[in-house]
Amino acid sequence: MRIQKHPILNFNRGEKITFKYNGSEIKAYKGETIAAALHAAGIKELKKSVKYKRPRGLFCAIGNCSSCLMTVNGEPNVKTCTTRVEEGMVVEEQDGKGDLSD
Amino acid sequence: MFIVGGGPAGLAAAIKAAEYGKKVIIVEKDFKLGGQLIKQTHRFFGSKEECAGTRGIEIAKKMQKKIKNSANIDVWREATVQGYYEDDVLTVSHENKFKKIKAGKIIIATGAAEKMLTFPNNDLPGIYGAGAVQTLMNIYGVVPGKRVLMIGSGNIGLIVSYQLLQAGVEVAGVIEAMPEIGGYLVHAAKIRRAGVPIYTGHTIKKAVGERCVQQAVICKLTQDWNQVAGSEKYIDVDTICLAVGLRPLIDLLLQAGCITTYIPELGGDIPPRDENLRTTNNKIYVAGDVAGIEEATAAILEGELAAISAVIEMGSKGDRIKGERQIIKNKLHDLRKGPVGAKIRAGLKKIRGIEHATKDRYSHIG
């Protein structure tokens with residue numbers, strides 16, 4: 001959910017864009033991170049733990065903890081908390097550790 | 001000069017070194033400069049002249065502007081230092097390239113990471129570090145959930161609770177394991193006035209939820225930190241925010257062979273250094289939270305001190321630079337005066353100087 005009114009901050013949101021998350025279209029603003037855009041759309045579950053497949057979400061939001069890794073435009077293990085969303089980007093939940101073979 | 005980390009300490013160091021004519025590269029992992037400052041909407045306490053009364057976001061803007069206007073400073077954003085090698089070469093991944101750097105002096109200002117708390121289901125989506133909640137709310141204008149339980153009543157826990165209220169999020173309560181509130185009472189009073197209960201002597205027993213947090217179970221603690229059976233309370237929340245302290249991000253220092261020592265008052269393992277912030281690796285200086293958890297005003301002063309010390313070490317002579325260094329040291333000393341700085345002073349006292357570092361390191365292992 002997005003904050004509409006704030007006593008101190010003005011959010012100058014960028015241009016509206018659309019990206020794909022697991023096949024469905026999500027609206028976002030240019031300049032925000034993938035994780036922030038997914039949160040705004042109510043999506044908190046970003047990946048599953050490798051061994052026990054437990055759901056994981058955003059934890060640190062500054063690129064330290066690996067809890068938000070996803071596959072972005074085919075590339076696995078992208079830190080969605082520090083990667084900005086782009087028009088037409090394809091974001092998918094990744095299966096396990098991700099394949100880097102090519 | 002090579003600076004790792006573009007938070008308050010790193011930026012202050014870069015600005016100061018550039019003032020003295022040094023060429024500086026700052027490496028920052030994020031695409032924004034300013035570190036934690038860019039999400040701090042509260043007004044600062046602390047040193048009289050510089051930052052008191054100003055919001056963190058404003059301080060960050062001023063620093064960003066100085067960096068932008070300096071011809072001596074090169075900023076590498078979205079860049080990560082990958083390693084430190086024996087011949088004092090740093091490797092950095094930046095713009096899809098693997099870069100190698102051999103710097104004259106290196107200032108490591110990597111900051112800190114949030115501490116985790118162990119309890120069942122602590123990995124559920126909906127459980128965040130307090131810094132992440134600030135990032136979501138104050139940078140991107142996105143709320144983490146509808147109803148939050150805050151764990152920890154230190155200044156971060158209290159301030160972020162207030163910021164959640166400002167963003168229109170309900171705060172179900174703040175719990176604190178200690179018998180007393182950890183942070184400044186002025187912050188605690190603000191959230192209490194808004195009707196948020198603060199439960200001292202309480203801990204979180206577990207989080208409940210299938211795919212994300214639905215409830216938190218809290219319980220009372222005895223004076224010996226045991227959970228009191230039958231004291232459980234179920235609180236309906238979709239978000240649990242952890243504000244249980246920070247730990248210095250010393251990984252790069254370890255790789256560079258810097259000795260570290262465990263000082264709980266400073267947040268855990270920290271690098272012993274001399275009064276000019278030089279570590280046991282004489283090419284490397286530290287500043288900010290990586291040197292011990294404090295707050296942004298101290299980080300800025302430490303950044304300046306580390307930069308000036310490195311500039312002197314690189315051959316700058318004269319009374320002016322030495323005089324300025326003394327002024328910064330005095331400001332740091334003043335900042336840490338009084339009851340608020342007691343913990344920091346106790347921690348710093350345990351650092352006996354780098355000549356003792358090896359001995360101190362091993363004396364902490366039982």
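The following paragraphs go through parts of a predicted model, from a sheet and a helix in chain B to the contact with chain A and a loop residue there.

Chain B contains an open sheet of three strands, in the order β13-β14-β15, and their pairing is antiparallel. Two of these strands, β13 (202–208) and β15 (233–236), lie at the edges, each with a partner on one side only. From one strand to the next, the twist averages 30°. The pairing of β14(B), which covers residues 215–220, with β15(B) is antiparallel and runs over four bridges. Within β15(B), Asp236(B) is the residue that stands opposite Gln215(B).

Next comes helix α5 of chain B, residues 185–193. Three of its residues are buried: His187(B), Ala188(B) and Ile191(B). These buried residues cover an arc of only 100° around the axis, so they sit on the same side of α5(B). The general rule behind such a pattern is that an α-helix has 3.6 residues a turn, so residues three or four places apart point the same way. The face of α5(B) turned away from the buried side holds Leu185(B), Val186(B), Ala189(B) and Arg193(B), which are exposed.

What covers the buried residues of α5(B)? The cover includes one helix, α4 (155–166), and two strands, β11 (170–176) and β12 (198–200), of chain B. Just after α5(B) comes Gly195(B), whose phi is positive, at about 90°.

Chain B also touches chain A. The contact involves 28 residues of chain B and 28 residues of chain A. On the chain B side, β8 (112–114), β9 (127–129) and α3 (130–139) supply at least two residues each. Which element gives the most to this side? Helix α3(B) does, with six residues. By kind, the residues of chain B that touch chain A divide into 14 nonpolar, nine polar and five charged.

In chain A, Lys51(A) is found in the loop that lies between β3 (47–48) and β4 (55–56). Is Lys51(A) buried or exposed? A residue counts as exposed if 12 or fewer other C-beta atoms lie within 10 Å of its own. Lys51(A) has 7 other C-beta atoms within 10 Å, and is therefore exposed. Thr80(A) lies 29 residues from Lys51(A) along the chain, and the C-alpha atoms of these two residues are separated by 21 Å.

How values were computed:
Residues are numbered from 1 along each chain as its sequence is written. Chains are lettered from A and ligands numbered from 1 in the order in which they are written. This is a predicted model: local features need pLDDT of at least 70, side-chain atom pairs count only at pLDDT 80 or more; totals for chains, interfaces and linings use all residues. Two strands pair if DSSP finds at least two bridges between them. Axes are lines fitted to C-alpha atoms, for helices over the stretch in contact, and angles run from 0 to 180 degrees between N-to-C directions. A residue is buried if 20 or more other C-beta atoms lie within 10 Å of its own, exposed if 12 or fewer, and partly exposed in between; C-beta atoms are placed from the backbone. The arc is that of the directions from the helix axis to the C-beta atoms. Two residues are in contact if their C-beta atoms, placed from the backbone, lie within 7 Å. Ala, Val, Leu, Ile, Met, Phe, Trp, Tyr, Cys and Pro count as nonpolar, Asp, Glu, Lys and Arg as charged, and the others, Gly among them, as polar.
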